[in-house]
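Colleague: Please take a close look at the backbone geometry of one loop in this model, and set it beside any other unusual backbone values. Please also indicate where the coordinates call for caution.

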Amino acid sequence: MSVQPGPPAPPVVPVRPSLGRPRWGHQTSLFQLRQPAFWLFLAVVLATGYYTVTQQTLFQRISPSGWALSWLLLLLYALPIFAAVYLLDLYEREPLSLVVGALIWGAVAATTLAGFANEGWGFVVARIGGPEFASRWTAALTAPLTEEILKVAGVALIALIAVDEIDDVMDGFVYGAMVGLGFAVVEDVLYFIAIFGGTPSGVLAGFYVRVISSGLYGHVLYTGLSGMGIAYFVSRRHEATRAKRIGVALLLFLVAVFGHFLWDSPFLNFFPGHLNTVGDWLQIPLAAAIKGIPLLVFVIVMIKLARRRERGWLELALASEVGSAALTRQELGILLDPHARRRSRRDMRTRAGEGAARLLRRLQREQINLAMVRTRVELDDDPALVHQRAYCRSLRDALMAMPGAAPAMRPTEPPG
Amino acid sequence: MDLPPPPVPEPLRQVEIPPPGGPPAIAVGTLNPPPVPPAPSKIRWVSTVVLAAVLGVVVFGGYVAAGALSQPAGPPVSVAGVVRVQPLSGWELAGRFGSPPGARLSRGSGNLDFVALSFNGSSLDLVREYVNQVLEPGAEQLSVSKEAESVTLRSGLSGVRIRYIGLFGKAQASIEGEVTAIVSPAGVGAIFDAWSPEGLLQYVIDDIHRMIDRAQVG
């Protein structure tokens, strides 16, 4: 059986030129030596890195077992979060060097600078309000602003270093969430050792309170949200006025600050004063949910909107390719729906085995890459585009040659 | 009954499978080598400088603002004519003691007691004596830091500093404090005892350090 591309078929979804052209075809690394922002990034990370290493060495000396357990537990938390955030961007995964750079900014630069900033502004709160007021409100009045500014500065630096990588708000969420994840992990180690005592039992208690009970609501969300604001400002230059872009970015930043403020303030505080009974321990995740769920829901809505827009871009980029050797109308329908993509691979695995499922995954990935090339070149017969079409076709031919693969290629239902 | 013939499997075709991890779209771009990145525009420079300035303001601005908010207020408080402390804004004289002569400056629940006495010995001896004769007799429980920290006042006099936490008198809450002892070459000893309910000292300690740093002894 041979599979030939069918006659040109109308695209599944009408083209929406108003979306503009994403720049998915561009990939930039962190190491842009000609960009002043790169050198600022490097200088701050190196300067604060020395402090961070010194601090971690001290923790390791104070409580070797507690310190090791802290990092072990936090890696168990951080690795799935890292993967989930990284994979959220369905169509164009961000360059790893930039993603790791964001993580390092949060873990090293933002945490260290925040330590100094919180102390300094804490003095201001104490001077103005006195010690009793300061004891209740310093955390709420300093950390949300200082920490969110210092964290989102990492996203802003990445935008200055590699502006081509910030195509839309989803990219801002990825970089922001990575900054927040790095910040959360290093801050948690500090809490486990300095606040929860650093013993293995103290570390476990800290892990329960700060990660199991509250891990969904913290810095990953705050900085993800403010990162979306930076990305909106950067990526909508041709669609929105400067005032609107500043307004949206500021609004998202303020929502993040407010979420952080609510978390640190005495408002809606249902955390138990003492941990004497099982009920007290069970109360912690409930109290955390009351403070954290509203922002979590808001961020989920924002992510869904961003993904819908990315899907629109994919449609736009591939519309002219439908019916070519590289892409059928049905395949585009599957590409646009992550669930349909997974379903088609599962179906392929059942019918033709693991190798065919892997090959189908490659075909889908290369068809998405085709969209990237399409956005990068101007001419329909650009050599890069022709090459990528041929590559996709060769993958499909190879797939069709595998026994049992052909029936599973036909999608059951193109998504609506 | 005739069964239908089993399906005949399709003959396998010889198709060359592209190498795993074959060139992603990005690599295809090597056909058109990427242009050399242009030199950063002026706006990139300006944005980077502005970002660096924002970082500076956030990190150091609090210290500057706090310094501006803690200006000396009112006349210096003098004890026995040999120890003088200039209260900062927000601090006020809450009382005086008789023997040895001393005074208390307060701000909310933050306090700074300071006394003056004649002393022949080192500042470490003085702080030990203060712990033994003043803190321990008045405490139900007392924990004192094992190591003394060296301090130097703006006037050049040096001394030592220790920290303590304990239950004193009928107070229900723990008190945390910090004692700084200074002995001048003329034999004037000064004790500065900063204290507050546990957990609150951190919010006044910067003020207290500034007042001690500017204090005149002898």
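Modeller: B:A80 sits in the loop of chain B that joins β1 (77-79) to β2 (83-85). In this predicted model, the phi of B:A80 is positive, about 55°, although the residue is not a glycine. Most residues other than glycine have a negative phi, and most peptide bonds are trans. B:A80 counts as partly exposed because it has 15 C-beta neighbours inside 10 Å, a count between the limits of 12 or fewer for exposed and 20 or more for buried.

Chain B has a further backbone feature in the loop between β3 (92-97) and β4 (102-107), where B:P100 is placed. The peptide bond leading from B:S99 to B:P100 is cis, and its omega is near -5°.

In chain A, a positive phi is found at A:L268, a residue other than glycine, with a value near 50°. A:L268 belongs to the loop that runs between α7 (242-264) and α8 (278-318) of chain A. A:L268 has 12 C-beta neighbours inside 10 Å and therefore counts as exposed.

As to confidence, chain A has an average pLDDT of 90, with 91% of the residues scoring at least 70. Residues 1-21 of chain A, however, stay under 50 in pLDDT, and the model gives them 36 contacts beyond four places in sequence. Residues 411-416 of chain A also stay under 50, with twelve contacts beyond four places in sequence. Where pLDDT is low, the predicted coordinates should not be read in detail.

Key: Residues numbered from 1 in each chain as written. Chains lettered and ligands numbered in written order. Predicted model: local features only at pLDDT ≥ 70, side-chain atom pairs only at ≥ 80, totals over all residues. Helix = DSSP H or I, 4+ residues; strand = E, 2+ residues; numbered from the N terminus. pLDDT = per-residue confidence, 0-100. Contact = placed C-beta atoms within 7 Å.
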